[in-house]
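Me: Please take a close look at one part of this model, namely the salt bridges and the residues that take part in them. I would like one connected account.

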Amino acid sequence: MPSRVLERSDRNRVLAGVFSGLAEYLNVDVNLLRIVGIILLVVAPMPMVILYTVAALLIPRRGGASPLTQQPDMSVLGPVLTGLVLTIVGAALMSSWSWLFFSRTFGLTTVAGVVVGVIGAVILVQELKKI
């Protein structure tokens, strides 16, 4: 019996192919994993974004290597990490503890958090589609 290897799939992928590769590895329907992923994204958005991004960086593409190899390519890794950091900073600015950094709890920090978070999310989605 040949051993199975967890790889990101090029078939039926939406972003980086993490869910489709995991579905092939576990022999389950990819849509089931995507629904679970969406539920987790609604319940705990930041952990889910971080987990998906880390999985996309660690799990190799089918027949290829992981973006995090012995010598990481910063032209690939840099924009992904930038999008992730901006998304986290935006979420922090929108959170209830943003008053620790700014004097007002709502208003400018919330708007800035939304703007920074959206910019980070757009960068992250675009870059995850490329890797």
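Reply: In this predicted model, a good place to begin is Arg62, which is partly exposed, with a relative accessible area of 39%. Its side chain forms a salt bridge with Glu24, and the closest N and O atoms of the two are 2.2 Å apart. Because Glu24 belongs to helix H1 while Arg62 sits in the loop between H3 and helix H4 (74-94), this pair ties together parts of the chain that are 38 residues apart in sequence. Glu24 is itself partly exposed, at a relative accessible area of 30%.

Glu24 also meets the side chain of Arg11 in a salt bridge, with an N to O distance of 3.0 Å. Here the partner lies in the segment before H1, so the contact between Arg11 and Glu24 joins parts that are 13 residues apart in sequence. Arg11 has a relative accessibility of 57% and therefore counts as exposed, the cut-off for that class being over 50%.

The structure holds five salt bridges, and a further one brings together the side chains of Arg13 and Asp10, at 3.9 Å from N to O, a value that still falls within the 4 Å limit for a salt bridge. Asp10 is partly exposed, with a relative accessible area of 45%. Asp10 and Arg13 do not stand alone, since a network of salt bridges links them with Arg61.

Note on methods. Residues numbered from 1 in each chain as written. Predicted model: local features only at pLDDT ≥ 70, side-chain atom pairs only at ≥ 80, totals over all residues. Heavy atoms only, no water. Buried < 20%, exposed > 50% of the residue type's maximum accessible area, 1.4 Å probe, protein only. Helix = DSSP H or I, 4+ residues; strand = E, 2+ residues; numbered from the N terminus.
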